[in-house]
Amino acid sequence: MANAILMPRMSDSMVEGTLTKWLKNEGDVLKNGDLIAEIETDKATQDVECFEDGVLLKQTVAAGGVVPVGGPICIVGKAGEDISGLLAQAATDTSLQSSKVKAESATKAADEKRAPVAPPSEPSAPTTPVQPVVAAEFKNAARGAVIETQAMDEAANKGELEGRLRASPLARKIAAQKGISLYDVKGTGPGGRITAEDVQAALEGKNGRAKLAPVEGGLAQVATAAPRAASERLPLSNMRKTIARRLAESKSTIPHFYSTIEIDASPMMEFREKLNVGLAAQGSTLKITVNDLVLKAAALAAKEVPEVNASWDGDAIIRHAAVHLSFAVSLPSGLITPTIRDADLKPLKQMAMEAKELGKRAKDKGLKPEEFTGGTLTVSNLGMFGVSHFQAIVNPPQAVIMAVGAILKKPVVSPDGQIVAGQVMTLTLSGDHRVVDGSDGARYLQAAKNLLENPTLLLF
């Protein structure tokens, strides 16, 4: 009996998938376990497996088509079998699933729209009209501007504004059209102001200065020399849609708080160098990165401060027994957060190897669903881009995300009170205030700081 193969749900957030490529053609004989198609979800590209023997009788969607979760993608059965009923049912099911997805999206959008609306407040006491204050401030500002202008004119007369370019609009326009710099023109107006006559004189070599050569075509030539490319309208990938929806939900519904701490990164860098020398001496090609050390510190700190290793569950807070550490990986189409399970229990070397493997497969869109779901907290590192400090958005239902900045060389105060050259890195924690308090976040950052400034602790 013929059966329809349905679009599988490959992640909690998946509502539809794009069938990017067929691996089997109509008429091909299939066996249980054969891979029949590639599906792009909001997180990764996955293979779809056939779980029965038969013949691929009909592909109900072409490559590149979008199918809602639960919608049919093909029909498998015996050769020559009548599938007209299944085809009609497939069209109905696809329509129903699409309507369901649209309805869920509309409901979610309506909820998001209603969420920011504050409830009606109690009638408040009459307040003092603000108009007189604004008017007074405006008058003061205007008077200040007049005073400042007068001061500038006086300063100009005294030669105190030497180096500041003052020119009439017509002078600027002529100079731009001719392609000459006003800094090469001597102004003869009040306070050295450059007039149109000054520009013309400079072009003709008057006023005792060398004749300025205009650029042929002037401003018009500059404008047409490098025409801009046309603007592009880029369709949203499934991943970008999910990122947009989830982060908008997070930022609009989760009360974020932020805490930042500075790390003396010098001990960590020395420790890392010795580790890599030791690994190389053993013949290993593995290199421990700063990110590996930060991930290990983040996992151990979560074990030390379990309040941050938690999730919001509507009417309860889930305090997780295990530390499943997610880390952000940037892809051309968006972001994904591979997860290292039981990260607090794994040795540093094993964590480093696992992080590299997961990161590589994330960029190849080859992660399995269980490898990018179930994280209990997240680390996001932009240090490799030279970003010194930033605030990340909490990845719900997790309670915290830690943002890692670049290591910068800066003057620091040594333990004996001397100012010396040092290396500083910032860690910024974003927290869901419904789950954790500022003091919990501060203790977590302190724990991470202690581990990174005493990096041998990362080996235990």
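Is Cys50 buried or exposed? In this predicted model, Cys50 is buried, and its relative accessible area is 0%. The report below returns to this residue after describing the chain in general.

## The chain as a whole

The chain is made up of 460 residues, and buried residues account for 38% of them. Its secondary structure comprises 10 helices together with 19 strands. When contacts in the chain between residues at least 6 apart in sequence are considered, 62% of them join residues that are at least 24 apart.

Turning to the outside, the accessible surface of the chain amounts to about 26200 Å², and carbon and sulfur atoms provide 56% of that surface.

## The nonpolar cores

The largest nonpolar core holds 59 residues, and within it the members that touch the most other members are Leu325, Met402, Met425, Leu427, Tyr444 and Leu452. The element that gives the most to this core is helix α8, which spans residues 290-304 and supplies 10 residues. Another core lies apart from this one; it has 19 residues, including Met14, Leu30, Val48 and Val76.

Tyr444 can be followed in more detail, since its partners can be listed by name. If its neighbours within four places in sequence are left aside, Tyr444 is in contact with Ala298, Ala301, Ala302, Val305, Val308, Leu377, Met402 and Leu429. One of these partners, Met402, is itself listed with Tyr444 among the core residues that touch the most other members.

## The cysteines

How many disulfides does the structure hold? The count is 0. A disulfide is a covalent bond between the sulfur atoms of two cysteines, and the pair Cys50 and Cys74 shows how such a bond can be ruled out from a distance. The cysteine sulfur closest to that of Cys50 belongs to Cys74, but it is 7.0 Å away, which is too far for a bond, because a disulfide requires the two sulfur atoms to be within 2.5 Å.

Seen from the other side, Cys74 is likewise in no disulfide, and its nearest cysteine sulfur is that of Cys50. Cys74 is buried, with a relative accessible area of 0%, and Cys50 is also buried, with a value of 0%.

## A nonpolar patch on the surface

Some nonpolar residues are found on the surface, where Leu457, Leu459 and Phe460 form a patch whose accessible area together is about 340 Å². Leu459 belongs to the segment that comes after helix α10, which covers residues 438-453. With a relative accessible area of 48%, Leu459 is described as partly exposed, because the term exposed is kept for values over 50% and the term buried for values under 20%.

Terms used: Residues are numbered from 1 along each chain as its sequence is written. This is a predicted model: local features need pLDDT of at least 70, side-chain atom pairs count only at pLDDT 80 or more; totals for chains, interfaces and linings use all residues. Side-chain values use heavy atoms; hydrogens and water are left out. Patches are made of residues with over 30% relative accessible area and no salt bridge: like charges are joined within 9 Å, nonpolar side chains (Val, Leu, Ile, Met, Phe, Trp, Tyr) within 5 Å. Accessible areas come from the Shrake-Rupley method with a 1.4 Å probe; for residues, only the protein chains shown count as cover. A salt bridge is a side-chain nitrogen of Lys or Arg within 4 Å of a carboxyl oxygen of Asp or Glu. Helices (H or I, at least four residues) and strands (E, at least two) are DSSP runs, numbered from the N terminus. Buried means under 20% relative accessible area, exposed over 50%, partly exposed in between (1.4 Å probe, protein chains only). A nonpolar core is a set of buried Ala, Val, Leu, Ile, Met, Phe, Trp, Tyr and Cys residues joined through side-chain atoms within 4.5 Å. Contact means heavy atoms within 4.5 Å.
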